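Trainee: Could we go through this model together? I would like to see how each term is justified.

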Amino acid sequence: MKIKTIKIAHLYYDLMNLYGETGNIKALKIFIERQGIEPEIHFLTIGDDIDFKAYDFYYIGAGSENNQKLVLDDLMKYKNDIKAAIEDGKMFLATGNTMDLFGKKIKLKNGEVIPCLEVFDYQAVEQEKRLVSEIRYKFDDLLEGKGRDILGFKNCSCNILHNKYRMFGFPNNIKYNNFYGMDFVGPVLIRNPYFTDMLLKILFESKKLKYKEDDSSIEYKAYHEYLKMFNTDI
Amino acid sequence: MTTIYIFLCKTLTIACHIFGKLIGKQGTVFPGRVINHFNSRVLYKLKYPKYVIGVTGSSGKGSTVNMAAHIFKEAGLKVVWNNSGSNVRNGLTTLILNNTNMFTKKVKADVVLLEMDERYIDGLFKSGTLTHLLITNVTRDQPARNIHPEVIFEKIMSSIDDKVTLIINADDPILNRVKFLHKGQIICYGISKNKYSFTDTPSYAVDAAYCPKCHAKLKYTIYHYGHLGIYSCPKCDFERGKPKYEATDLDLNNGTFKINKEKYKLNKNVFFAAYYTLAAYVIAMEAGVKKDAIDRAINIDTPVSKRMKEYTLDGRTIEMLESKNENSLSYLQSLNYIKNQMGKKTVIMGFENVSRRYKFNDLSWLWDVNFELLNDENIDKIFLIGRFKYDVATRLFYANIPSDKLVLVDNLSDVWNMVKKDSQGNIYTMVCFDMTAVLKKLLKEVQDENKDN
């Protein structure tokens with residue numbers, strides 16, 4: 001029997017890579033390989049023709065404010081395709097300030113308003129002071145000790161307002177169909193291996209593939225050790 | 001009033017010296033803090049020498065200032081410089097006031113040479129005092145406070161005016177944006193293609209990939225490391241260009257390179273020694289130092305690098321490579337150095353805290369470091385220390401390092417005995433300088449124990 005592959009698009013890999021975002025693509029590769037499947041990973045950016053029907057998983061990471069605007073200009077030409085893909089249940093992971101782009105608009109400190117993709121009704125509002133912090137969220141879709149604590153680092157300039165589809169109970173994170181947006185920068189899928197399992201399980205099942213969970217590898221150990229420190233004095 | 005402030009600063013410095021132990025390491029910072037509390041513009045009232053030179057950037061500023069100060073001294077000039085390492089506002093205030101005549105208000109120097117933290121240049125001097133500012137590079141460094149390279153660059157540019165002569169490393173396309181922003185004089189330096197050049201980016205951190213002018217993707221003919229290299233825009237005229245001071249013929253085995261076709265020595269056989277030696281040369285040339293004095297300082301009275309000091313354990317050489325957390329290029333330098341060493345090798349790395357300046361422990365930067373360079377059959381073991389050892393081990397697992405080479409050290413005080421017992425070859429530590437201090441202390445304890453036995 002021919003084994004189906006999983007097609008992953010790392011979008012704007014050369015613009016939206018603030019700190020360690022490539023870790024997320026490495027995580028997807030290894031986690032999928034553990035299921036006996038070799039994923040197909042495509043690195044796409046400005047100038048490439050991005051097909052929003054062809055891939056199973058779309059990832060966009062965090063970037064600088066200038067790069068975020070360059071990416072927005074490029075994404076605008078796919079506005080309808082993106083909306084249709086999200087409505088159709090395609091899996092997206094948008095981390096850091098990429099989430100800003102899927103709302104109605106970004107309001108800058110200087111009063112300027114930048115129209116965005118309008119997939120969602122929320123808006124991003126630039127804050128006087130940058131939002132930098134180590135964060136632990138609680139995610140009710142996962143069990144205690146099995147990923148309910150979501151660990152990460154936030155480093156962005158905007159807050160999200162009027163988000164109807166909150167994830168982790170906070171407006172800066174969104175879950176809608178299979179679109180997941182979170183304010184963390186960096187390798188969230190490495191830091192949160194149970195969350196990665198959850199996403200891939202949904203994806204595999206949608207393709208009628210089995211996904212076997214096994215938390216014996218090093219990422220899970222790192223997660224639990226870090227959590228222990230977070231619970232004490234980090 | 002200025003006279004009183006200078007007197008107060010000198011008095012406080014003497015007091016700090018005497019009671020130093022009581023107030024910790026604040027000896028060079030505390031007097032400046034007190035003075036700035038009373039009058040933050042006290043440095044505006046002084047008389048400065050012809051050259052007041054600042055050196056800033058994400059990395060290499062300390063090494064550049066050390067080398068440039070050495071050249072100035074060799075040329076017989078009196079140089080006031082921050083060799084104590086304090087590069088923030090209060091430290092610089094202490095330094096300058098302590099070297100100023102109380103009555104004439106004249107800074108007693110031919111040259112003031114300052115390593116400056118990129119966030120604290122703004123408002124330190126009045127317009128026109130800082131004559132030159134050299135910027136080494138702007139790279140990923142301490143994201144919790146520096147955010148990202150573009151923010152650092154904008155901060156530096158908003159801190160200076162057109163009266164300052166900028167000296168920039170043109171290999172860095174972020175810095176090369178000064179061409180559009182700075183109306184004052186700009187002097188460029190850079191390193192040309194050499195045998196250590198890469199044709200593909202050797203790190204994951206691809207900053208400044210696009211043209212700042214027309215937003216087309218920049219084309220690199222070669223990379224040195226990170227986003228430093230030789231680049232041009234395929235659509236417009238933005239390019240690295242030919243710098244006024246260019247280094248060629250880099251040879252790390254012999255520790256030599258050429259600047260504008262003349263041969264010079266490096267005091268350390270690592271790539272970035274070429275950058276800081278070149279930058280120091282440029283500073284000296286632009287400050288009018290005679291060339292024969294510069295040549296003598298670099299080639300004959302070459303300063304001994306601190307880091308070249310070696311330790312041993314059971315006849316095995318230990319080299320301590322300072323590697324700054326949250327700075328992927330600092331780690332890359334250490335990894336490249338280890339890779340280029342011959343024979344069996346053992347590596348020690350890890351950290352107890354990501355930063356000593358703030359409590360955040362962001363680990364994202366580990367994924368920007370090219371740890372794949374440790375895939376070297378001559379590496380016998382890698383000892384992982386500190387409380388984030390499992391996160392580092394995860395990164396190394398993803399770099400395909402065989403797990404039987406990794407040793408996780410639960411109790412730091414055991415590390416040297418474990419290294420002694422379970423590994424072979426020369427030992428390379430690649431940790432932050434506070435962890436280096438801990439390792440040195442533990443090494444001494446192990447060696448003392450051995451003597452007793």
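**Where two domains meet**

Mentor: Happily! Across the interface of domain 1 of chain B and domain 2 of chain B, the rule finds 1 salt bridge. This is a predicted model, in which local features need pLDDT of at least 70 and side-chain atom pairs count only at pLDDT 80 or more, while totals for chains, interfaces and linings use all residues. Residues are numbered from 1 along each chain as its sequence is written, chains are lettered from A, and side-chain values use heavy atoms, without hydrogens and water.

Trainee: What makes R140(B) and D368(B) a salt bridge?

Mentor: The term asks for a side-chain nitrogen of Lys or Arg within 4 Å of a carboxyl oxygen of Asp or Glu. The closest N and O atoms of R140(B) and D368(B) are 3.0 Å apart, so the pair qualifies.

Trainee: Which helices of chain B each supply at least two residues to the side of domain 1 that touches domain 2?

Mentor: They are α5 (143–146) and α8 (271–286), helices being DSSP runs (H or I, at least four residues) numbered from the N terminus. The largest share, 3 residues, comes from α5(B).

Trainee: How do you know how many residues of each domain of chain B are in contact?

Mentor: Contact means heavy atoms within 4.5 Å. By that rule, 19 residues of domain 1 of chain B are in contact with 18 residues of domain 2 of chain B.

Trainee: And where do the domain bounds of chain B lie?

Mentor: Domain 1 covers 2–300 and domain 2 covers 309–452, bounds that come from an automatic or database domain assignment. Their centres, taken over C-alpha atoms, are 29 Å apart.
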